[in-house]
Amino acid sequence: MIRGSTELVAIVGSPIAQVKSPENFNTWFANHGQNLAMIAIDLQEAALDAFLASLRGWQNLRGCVVTVPYKQTLVDRLDGLSERAAALRSVNVIRRESDGRLLGDNVDGEGFLNAARQHDFQAKGKSALVIGSGGVGSAIAYSLCQAGVRRLVIADVSSERAGTLAELLRSAFPALEIGTEYRSLDGFDLLVNASPVGMGGTGELPLPAELLDSLQAATLVADVVTSPEITPLLAFARSRGCRIQTGAQMAFAQLGNLGAFMGVTPLEI
Ligand code: NAD
């Protein structure tokens with residue numbers, strides 16, 4: 001029940017009907033007796049500036065999760081950014097301070113790492129391959145570096161995009177081995193598909209068959225795609241005896257990070 005006294009958080013994007021955060025947050029708020037609720041906002045881009053002005057003045061709103069297509073668009077319109085959101089030029093959560101200032105962070109990568117820890121993956125000293133260097137791939141790659149991977153390889157059909165991200169990460173984490181070249185999957189402790197390949201039941205794999213043939217059972221294979229839950233890559237990895245991590249697990253593992261940044265849940269939920 002939303003009452004006059006209920007404090008709000010929001011999720012903004014367009015389209016919005018497919019997002020799972022409102023169910024996840026509202027279930028948590030109800031189960032923990034919190035007088036809080038999340039609403040979903042399908043916003044036209046032309047209304048973004050007016051929306052931000054409203055957020056600054058919206059006194060019973062604590063924060064707002066940001067999804068496609070506004071993660072990058074909002075970066076230059078907020079009043080402050082975390083170091084990683086500034087480096088990635090992307091936000092996926094905003095906190096409204098009591099004086100109305102709006103601060104942004106990006107916790108996609110932290111959600112990914114939380115889920116990976118649940119699969120016994122500790123990033124420190126490990127070797128990782130991230131396929132896809134767009135919004136979510138960049139966030140995952142950044143968090144893997146922050147967590148101290150030894151070696152990170154970034155692959156993208158746009159070699160320019162992969163190269164730009166590798167350069168950004170090399171300057172932020174000069175002690176790590178960060179590149180864009182690899183010949184085999186052997187030796188990677190973690191393989192992440194952070195591209196949309198495999199989404200919507202196309203049956204597509206993000207890597208050619210000859211490379212997939214070098215996948216070893218010791219590698220944790222993760223996908224960011226949430227639908228289908230078991231993507232063609234995950235199905236292949238499972239058939240090779242690998243541990244797998246789904247996009248839904250990543251999204252769920254991020255709830256505490258989003259909620260804690262907005263000040264409405266503890267970090268561990
Ligand atoms: P994006 O468009 O910013 O980036 C996608 C990148 O993948 C691009 O750089 C593109 O060139 C690259 N790419 C496409 N095909 C490729 C291929 N075959 N090999 C290598 N690279 C390829 O998109 P995004 O915002 O990063 O989202 C990517 C996916 O992540 C989407 O499917 C989105 O739904 C999903 N996502 C999941 C979560 C979660 O919590 N599970 C969170 C955010 C986004």
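Where in the chain does Pro69 lie? Pro69 is in the loop that runs between strand E3 (61-66) and strand E4 (80-81). It's worth a look in this predicted model, since the peptide bond joining Val68 and Pro69 is cis, with omega about 10 degrees.

There's another cis bond further along: the one from Ser227 to Pro228, where omega is near 5 degrees. Pro228 sits in a loop too, between strand E11 (220-223) and helix H8 (232-239). While we're on backbone oddities, check Arg89, which isn't a glycine but has a positive phi, near 55 degrees. You'll find Arg89 in the loop between helix H3 (83-88) and strand E5 (93-96).

Now for the ligand. Which pocket does the ligand take up? The space it fills is the largest pocket. Helix H5 (135-146) and helix H9 (247-253) are the elements that each give two or more residues to the shell around the ligand, and H9 has the largest share, with 3 residues. In total, 22 residues surround the ligand, and the closest are Gly135, Val136, Asp156, Arg161 and Gly247. Sorted by class, that shell breaks down into 11 nonpolar, 7 polar and 4 charged residues.

Here are the polar contacts to the ligand from Asp156, Val157 and Gly247:

| Residue | Protein side | Ligand atom | Distance |
|---|---|---|---|
| Asp156 | side-chain N or O | oxygen | 2.6 Å |
| Val157 | backbone N or O | nitrogen | 3.3 Å |
| Gly247 | polar backbone atom | nitrogen | 2.9 Å |

So how much of the ligand does the protein bury? On its own the ligand exposes 870 Å², and 75% of that is buried by the protein. Going back to the table, the Asp156 contact uses a side chain and a ligand oxygen, whereas Gly247 offers a backbone atom to a ligand nitrogen.

Finally, the annotations. An unreviewed UniProt entry puts "domain: Shikimate dehydrogenase substrate binding N-terminal" on residues 11-94. In the model that stretch is 32% helix and 24% strand, and its end C-alpha atoms are 10 Å apart. The unreviewed UniProt entry also carries "domain: Quinate/shikimate 5-dehydrogenase/glutamyl-tRNA reductase", covering residues 120-192. Helix makes up 36% of residues 120-192 and strand 22%, with 15 Å between the end C-alpha atoms.

Technical notes
Residues are numbered from 1 along each chain as its sequence is written. This is a predicted model: local features need pLDDT of at least 70, side-chain atom pairs count only at pLDDT 80 or more; totals for chains, interfaces and linings use all residues. Side-chain values use heavy atoms; hydrogens and water are left out. A residue is near a molecule or strand if one of its heavy atoms lies within 4 Å of it. A polar contact is a pair of N or O atoms within 3.5 Å; within protein, one must be able to donate a hydrogen and the other to accept it, and residues adjacent in sequence count only if both atoms are side-chain atoms. Accessible areas come from the Shrake-Rupley method with a 1.4 Å probe; for residues, only the protein chains shown count as cover. On a 1 Å grid over the protein atoms alone, a cavity is a set of points where a 1.4 Å probe fits but cannot get out, and a pocket is an open set with protein on both sides within 12 Å along at least five of seven lines; lining residues have an atom within 4 Å of a point. A molecule sits in a cavity or pocket if more than half of its atoms lie within 2 Å of its grid points. Helices (H or I, at least four residues) and strands (E, at least two) are DSSP runs, numbered from the N terminus. Ala, Val, Leu, Ile, Met, Phe, Trp, Tyr, Cys and Pro count as nonpolar, Asp, Glu, Lys and Arg as charged, and the others, Gly among them, as polar. UniProt positions are given in the numbering used here, feature names are shortened, and annotations may be inferred rather than shown by experiment.
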